[in-house]
Amino acid sequence: MILPALTEAKSPLFRPIKYSLFPPLGLATLAGYLDDEDEVEIQDEHVEHLDLDDEPDLVLIQVYITSARRAYRLADHYRRRGVHVCLGGLHVTSLPEEAARHADTVFLGPGEDTWPAFLRAYRAGRPAPVYRSTVRTLLDVPPTRRDLIKRELYLVPNSIVVSRGCPHVCDFCYKEAFFEGGKGFYTQTVDDALHEIDRLPGRHLYFLDDHLFGNARFAAALFDGMRGMGRLWQAAGTVQSVLRPGLLERAADSGLRSLFVGFETLDPRSLRAQRKFQNLRRDYGEVVRRLHGLGVMVNASFVFGMDEDDESVFERTVEWAIEQGIETATFHILTPYPGTALYKRMEADGRLLHRNWDLYDTRHAVFRPHGMSTDSLEAGYRRAYRDFYRWCAILRGASHKSTLRDAMRHVAYSGGWKKFEPCWGAVIRARQVFRMLPMLERLLNGSRTCLPRQAKRSVLSYPHNCGKRHSISQHPET
Ligand code: B12
Ligand code: SF4
């Protein structure tokens, strides 16, 4: 099972830390469907050299848009050796005909229904060329094969997803295209999610769910169940969910310490045009204040290049983010992924500049913008990163914190990600990245205690910091 990397992630000179953050969770999920006697290995090109001289019966490759070219080269290599090649993932779902030229079997959509169906057919000698997912459920999925993950190669080995998709329909998002033909948002049962969390060693978790708060009832029960587990966690949620009374407090109580929030734009016209209705008429400042009030750091996501943007958008957005005391920001150039409503619109209007998928990486302008040139868009995007992560901007952002400790946490966290990239590179090359996790945990925790304020009754028993296992109902109140 292979997760190919885009070129940048393999550079021997400069390796952004983001490529050593998360293990290939999708592949480890699919490996759970194999039989005990099947031999399997997961290779993640972001963190290791691929062994291409092996002779497997079956090769499975996960294809993202930016790694599609590499994925196809690998697929061709194995097919020349007579190996049955399966391609799946987001890009294959968007463009199955393109992928099919390099595969024996392609898979559209999530793999929980199609992959086991393929395995049965393959073992019977009758694999089909195309499998399209229609049954969407996370009930009775086998445990993720975390034993196949080389934990020491990642800063955040404990990534986890307990839901799939999202209840919203933003035009630029991959979600509607990927989940076409079935449910677009569904969750595990709360008990299954808690069991999966329980299996993860250590304290830190990163939920990769598109919108962990998307089903308020599920999220509330999950957070209540996690209270008392002594976890520190990070996740993604919407502006709307942060403002919903009660839910965020429960999340913070159960260990939430940093949230990725899709603000995307400060312009309501753009929100409407992109059908990001859930952000309309929301007080963005209040979102940040609520998070900070609960000790939760903010990773704010912004998109540049929408039709309403002109060249002033970069400075306005960066200035707003700094003034709010936002700790980290992720900027993107609007990117029309094939299959999305945005792509169809751009294609119909003849605005796509090319179909070189390598450059569909949210760092390049791949379409003709309205309010500026493509060069200005790319330059403004780079300037936004530079301006937001200047030391003086970091210190100004930190000065909005109410306590010295929070200000110091801001400086250390924000500076740690962006100001020390060369150090991260050295740590990654020395294969010591996992040693940095305790530092990340300390930063995330800041001035807050990671122990629960109140014990909850539960039938499950959870690992405590000290390594012993305690039932939650026996947990001391702190
Ligand atoms: C974690 C993550 C990353 C991590 C690591 C990825 C990893 N280790 O898998 C990092 C930080 C490296 C990353 C980087 C980037 N990412 Co990213 N990332 C994600 C994120 C948040 C979660 C992925 C995940 O683990 N999902 C959970 C698992 C369980 O699901 P899954 O991986 O999709 O696998 C399932 C199915 O896809 C399917 N499946 C997958 N492969 C196969 C193969 C076969 C044969 C079969 C049968 C089934 C199958 O079965 C699995 C089980 O259902 C997604 C958002 C999302 N929700 O997917 C974005 C996302 C995948 N990233 C995206 C992008 C654009 C990028 C970047 C270009 C961003 C950038 N500007 O740098 C880079 C480059 C990625 C690359 N290497 O080419 C886009 C992809 C768009 C696209 N059409 O491909 C997404 C969807 C975000 C978004 N909303 O736009 N990313
Ligand atoms: S809220 Fe986020 S995950 Fe959901 S559809 Fe919009 S962009 Fe995609």
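Six of the eight residues of strand β13 (residues 297-304) are buried, so the strand is largely enclosed by the rest of the structure. The model in which this strand appears is a predicted one, and β13 offers a convenient point of entry to its architecture.

The strand belongs to an open sheet of six strands, ordered β7-β10-β11-β12-β13-β14 and paired in the parallel sense. At the edges stand β7 (159-160) and β14 (328-333), each with a single partner strand, so one side of each is left without a neighbour in the sheet. On one side of β13, six bridges join it to β12, and the two strands run parallel. Within that pairing, V261 has A300 of β13 as its bridge partner. On the other side, β13 and β14 are likewise linked by six bridges in the parallel sense, and A300 stands opposite A329 of β14. Residue A300 can therefore be followed across the sheet, since V261 is its bridge partner in one pairing and A329 faces it in the other.At the opposite edge, β7 is joined to strand β10 (residues 204-207) by two bridges, and these strands also run parallel. Here S159 has Y206 of β10 as its bridge partner.

Strand β12 (residues 256-264) also contains a backbone feature that deserves attention, at E264. Although E264 is not a glycine, its phi is positive, at about 65 degrees. Is E264 buried or exposed? With 23 C-beta neighbours inside 10 Å, E264 counts as buried. A positive phi is also found at R431, a residue other than glycine, where the value is near 55 degrees. R431 lies in the loop between α18 (421-429) and α19 (437-445). With 14 C-beta neighbours inside 10 Å, R431 counts as partly exposed.

Helix α16 (residues 391-398) shows how burial can be arranged around a helix. Its residues I394, G397 and A398 are buried. Seen down the axis of α16, the buried residues fall within an arc of 100 degrees, so they line one face of the helix. The elements that cover these buried residues include α13 (313-323) and α17 (404-418).

At the level of the whole chain, the protein is divided into domain 1 (2-132) and domain 2 (155-445). The centres of the two domains, taken over C-alpha atoms, are separated by 26 Å. Contact between them involves 21 residues of domain 1 and 26 residues of domain 2. On the side of domain 1 that touches domain 2, α2 (68-80) and α3 each supply at least two residues. Helix α3 gives the most to that side, with three residues. By class, this side of domain 1 has 13 nonpolar, five polar and three charged residues.

The two domains also meet around a ligand. Where does ligand 1 lie with respect to domain 1 and domain 2? Both domains give residues to the shell around ligand 1, so the ligand lies between them. The shell holds 40 residues, of which the closest are G26, Q62, G88, G89 and G111. Two or more shell residues come from each of α1 (25-31), β3 (58-62), β4 (84-88), α3 (90-94) and α5 (114-123). Among these elements, α1 gives the most, with four residues. By class, the shell around ligand 1 has 24 nonpolar, eleven polar and five charged residues. Helix α3 appears both in this shell and on the side of domain 1 that touches domain 2.

Helix α5, another contributor to the shell around ligand 1, includes T114. With 24 C-beta neighbours inside 10 Å, T114 counts as buried. Leaving aside its neighbours within four places in sequence, T114 is in contact with F107, Y131 and S133. By contrast, the C-alpha atoms of T114 and Q234, which are 120 residues apart along the chain, are separated by 30 Å.

Ligand 2 has a shell of its own. The residues that surround it are C166, H168, V169, C170, C173, K175, D210, H211, T238 and G262. By class, this shell has four nonpolar, four polar and two charged residues. One of the surrounding residues, G262, falls within the bounds of strand β12 (residues 256-264), which is joined to β13 by six bridges.

Conventions:
Residues are numbered from 1 along each chain as its sequence is written. Chains are lettered from A and ligands numbered from 1 in the order in which they are written. This is a predicted model: local features need pLDDT of at least 70, side-chain atom pairs count only at pLDDT 80 or more; totals for chains, interfaces and linings use all residues. A residue is near a molecule or strand if its C-beta atom, placed from the backbone, lies within 6 Å of it. Ala, Val, Leu, Ile, Met, Phe, Trp, Tyr, Cys and Pro count as nonpolar, Asp, Glu, Lys and Arg as charged, and the others, Gly among them, as polar. Domain bounds come from an automatic or database domain assignment. Two residues are in contact if their C-beta atoms, placed from the backbone, lie within 7 Å. Two strands pair if DSSP finds at least two bridges between them. A residue is buried if 20 or more other C-beta atoms lie within 10 Å of its own, exposed if 12 or fewer, and partly exposed in between; C-beta atoms are placed from the backbone. The arc is that of the directions from the helix axis to the C-beta atoms.
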